[in-house]
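Visitor: Could you take me through one part of this model up close? I'd like to look at how the two copies meet, and then at whatever lies around that.

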There are 2 protein chains.
Amino acid sequence: MARKIVIIGAHAAGTDAASAARKTDRKAEITMITDQKVAGYSPCGIPFVIGRHIKSFDDLIVFPPSYYRMMKIDLRLETKAKKINTEEKTVEIEDKSGKSETLQYDSLIIATGAYPFVPPIKGRDKDGVFTLRTIDDGRKIDQALEKAKSAVVIGAGLIGLETAVAFVERGVNTTVVELLPQICPAMLDKDTANLVQKNLEEKGLKIITGKGVDEILGDDHVNAVSVAGEEIPADLVIVATGVRPNVQLAKDAGIEIGETGGIKTNMRMETSVKDVYAAGDCVESINLITGRPMLSQLGTTAVRQAKVAGINAAGGYAVFMGSLGSCVTRFFDLEVGATGLTEFMANRFGIETVSGTITSKTRADYYPGGKSIRVKIIVDKDTERIIGGQIVGGEEVTQRINALSFAIQKQMTVRELAKADTCYAPPVNETWEPMVLAAELALRRL
Amino acid sequence: MARKIVIIGAHAAGTDAASAARKTDRKAEITMITDQKVAGYSPCGIPFVIGRHIKSFDDLIVFPPSYYRMMKIDLRLETKAKKINTEEKTVEIEDKSGKSETLQYDSLIIATGAYPFVPPIKGRDKDGVFTLRTIDDGRKIDQALEKAKSAVVIGAGLIGLETAVAFVERGVNTTVVELLPQICPAMLDKDTANLVQKNLEEKGLKIITGKGVDEILGDDHVNAVSVAGEEIPADLVIVATGVRPNVQLAKDAGIEIGETGGIKTNMRMETSVKDVYAAGDCVESINLITGRPMLSQLGTTAVRQAKVAGINAAGGYAVFMGSLGSCVTRFFDLEVGATGLTEFMANRFGIETVSGTITSKTRADYYPGGKSIRVKIIVDKDTERIIGGQIVGGEEVTQRINALSFAIQKQMTVRELAKADTCYAPPVNETWEPMVLAAELALRRL
């Protein structure tokens, strides 16, 4: 009899898990459910649609309905998973008409993602206050922007800043308010964050750090936000104060939740319950440096976990070793990326660090069009291994982050990086690669 | 008494050796001699001046005279090193007026570079036949181009192709003739080379492979080149059939020359004679994969060796571990890079290989402006380690080569690369990094 695989969730993790399962078992019956109207789209693209870099939200649909048909995946849209019964190996589902059904599974994959966390700010229920997670959210915000002259974004993480940048690109007077003393606190150290903030401010984005939002003001509709006594006009407010793993369904089924609040899995992405796997923003990963659980909540981590979950759920064998949290984005014409631990996080884990930071150019000094780039390398003082990197520049940031990620994964020491063989040509790099120079500076501080 | 350091050669290797020596020993007397009129320029930039990307040849001077003054380096231009006496520890030099002098050294650094090898083609002495190595060569070619309608470049290595591309950019009808059956034979496997060739041909460059030049035709001045019986019109001919290390001076002094024809050194860049160091295009390097000597002859290798030579010559301690030959260039709007061994070379060294090749995009599929990129990963079948990579794409090639170079240097296996943590954002990458996908394809062939 064909293996029955049920997948809850139909975005990066759900779809990649389904694809991997299908490739592993050609005959499996794969059913995928999502409570959303659209499956297989890329939420990472939403701010770039709002900023008009991408024409329409429909463009974000990476896997159209035809893909699921081709892969013989029974996709159920606008359908809720109500209950998992791990004894009976069933999932109770309910479609939008209210019709219930009980699906039997041999393997279950939970890819329920995360939801935006909204702190209990007074006035958060007013019209014009949004979170940004789904295409529907994107469409609503896009529409609200048509009439908005001013906006406040609460939270200066990647999603908050990407959204705020899009607002500025749309000509809206935008202020970001961050409670912590710097932007991107999970991704960047303060020195790097300050450089990024300066660049964003030069482009017209207002940023307030170290202050909380006291209240969202207005009658039915928001018209301002009160920050430390000051009123900031806002026709639109985005709450981007982070996301929390969607684990209620798993929790109710008795599946173990980890200390980070994400679903706990082993290296095969199997939860505490046999034949139940999980992947994506709802699970916790092991940090490859600290060996401790973390919430990665990145698309890249999600698809890698999903592939492993899908292969194992379909009877294959694969393991996921963990995450470094390598990430990157573009704000206006500035690329910002990071991998591994910040100095702040490393110190919190008891790792003493030294760092090396250099500002260089992306092309030979004499080659026109070169852009400024700043590379920071973070080193474990004891082992001399590279444990983190932060790069800000006009181009060529992404793959340097990947290069540092490879270095960290292979436990490269700062001495090795300072001697590394790199490539160069006048139109694409300086003779001395900035990563190598940054390593040399870190080395001198050991 | 102050240490006396003499350096023969004043470009990438010479200047970086001098800088490293100065930083190591603030009081040393450093004398640097070059037979050229200008020191401290970047020959790598010459084709890009000819192609009008860079305004003038003078822009290529990375280290102006003021730099040498600041570093207290006694720079002697247009001065020849006539003889090294390793017993007496002296170098006989002669300036352009014919005046001789004998310099005493405690440490000597030979950075004599390489010279273009010109095969014995009939007619190679005609007017209008050039090699390209120095700024003077560049200026002459630039001038000759003013009147040229057609050109032939003999040799399809990096320098030959970069020059040919510049000629096309200048509106000159240009044909490249390569004796071997493919372009870039030292850098790329045939599949990658074919893709590059196709791109170059689409831009208007004519390429003939697998055929030699029989004769350079014309009276005093070249007017055509004969290739396998066919006459190709040419007002200008560039011979770019590789370079040979400048080792005569070292050889005459009894310094050991390696099997590759380059000066042999230990890891400290010290030659067979105590206190005599060498660096740059005149020396051989150890290939980090095969452990065998190679001629790297890249600017990046030169500066790394020079730094080590300079530190040691000044009484410090540093080692150079070897080279992977990582290199990159840009032809029109195409970036081409490679690191490690080609499949062809690996097989010649008795390494059985598998490879994985994927064509992807440089941005999310839905993000406008993404360019095609092709990544090839070469794997040692026995150890499963990555031993080579070749990348061709519209952008983001250079740092992927660096990432693969790091992977090779840290002996990453293809299994590890297929699981690697990488970063992504819609404007700068696909969710699944192409290097990771290529590794996965290679993995399936193991």
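Guide: The copies meet through the same surface, because 100% of the interface residues of chain B are also interface residues in chain A. Keep in mind that this is a predicted model. In numbers, 59 residues of chain B are in contact with 59 residues of chain A. On the chain B side, α8, β21 (327–331), β22 (334–340) and α10 (398–409) each supply at least two residues. The biggest giver there is α10(B), with 10 residues. Sort that side of chain B by class and you get 29 nonpolar, 18 polar and 12 charged residues.

Now for the symmetry. Turn chain B by 180°, with 0.0 Å of shift along the axis, and chain B superposes on chain A with an RMSD of 0.0 Å. The two copies are thus related as by a two-fold rotation axis. If you want a residue to centre your view on, try Ala403(B): of the residues of chain B, Ala403(B) comes closest to that axis, with its C-alpha at 1.9 Å.

Let's stay with α8(B), one of the elements on the touching side of chain B. Within its own chain, α8(B) (residues 299–313) has a helix partner, α1(B) (residues 12–24): the two axes come within 7 Å and cross at roughly 35°. That crossing is right-handed. From α1(B), the residues involved include Ala13(B), Asp16(B), Ala17(B), Ala20(B) and Thr24(B), and they meet a set in α8(B) that includes Gly299(B), Ala302(B), Ala306(B), Lys307(B) and Gly310(B). By class, this helix contact has 12 nonpolar, 5 polar and 2 charged residues.

Next, the strands. Chain B's β21 and β22 are among the suppliers to the interface, and the strands of those numbers in chain A show how they are put together. In chain A, β21(A) (residues 327–331) and β22(A) run antiparallel, joined by 5 bridges. Thr329(A) stands opposite Val336(A) in β22(A). The two strands form a hairpin with 2 residues between them, and Phe332(A) in the turn has a positive phi of about 55°. β22(A) also pairs with β25(A) (residues 386–393), again in the antiparallel sense, over 6 bridges. There, Thr339(A) stands opposite Gly389(A). With 7 of its 7 residues buried, β22(A) is largely enclosed by the rest of the structure.

The helix α10 turns up once more in chain A, this time as a cover. In α12(A) (residues 434–444), the buried residues are Pro434(A), Met435(A), Val436(A), Leu437(A), Ala438(A), Ala439(A) and Ala442(A). What covers them includes α10 (398–409) of chain A, along with β23 (353–361), β24 (372–380) and α11 (414–417) of that chain.

One last stop in chain B is an open sheet of 3 strands, in the order β4-β5-β6, with antiparallel pairing. β4 (79–85) and β6 (100–104) stand at the edges, each with a single partner strand, so one side of each is left without a neighbour in the sheet. On average, neighbouring strands here are turned by 25° against each other, direction ignored. Zoom in on β5(B) (residues 90–95) and you'll see 5 bridges to β6(B), in the antiparallel sense. Val91(B), for one, has Leu103(B) as its bridge partner in β6(B).

Conventions: Residues are numbered from 1 along each chain as its sequence is written. Chains are lettered from A and ligands numbered from 1 in the order in which they are written. This is a predicted model: local features need pLDDT of at least 70, side-chain atom pairs count only at pLDDT 80 or more; totals for chains, interfaces and linings use all residues. Axes are lines fitted to C-alpha atoms, for helices over the stretch in contact, and angles run from 0 to 180 degrees between N-to-C directions. Helices (H or I, at least four residues) and strands (E, at least two) are DSSP runs, numbered from the N terminus. A crossing is left-handed if the near helix is turned anticlockwise from the far one by less than a right angle, and right-handed if clockwise. Two residues are in contact if their C-beta atoms, placed from the backbone, lie within 7 Å. Ala, Val, Leu, Ile, Met, Phe, Trp, Tyr, Cys and Pro count as nonpolar, Asp, Glu, Lys and Arg as charged, and the others, Gly among them, as polar. A residue is buried if 20 or more other C-beta atoms lie within 10 Å of its own, exposed if 12 or fewer, and partly exposed in between; C-beta atoms are placed from the backbone. Two strands pair if DSSP finds at least two bridges between them. Copies are superposed by least squares on the C-alpha atoms of residues with pLDDT of at least 70 in both.
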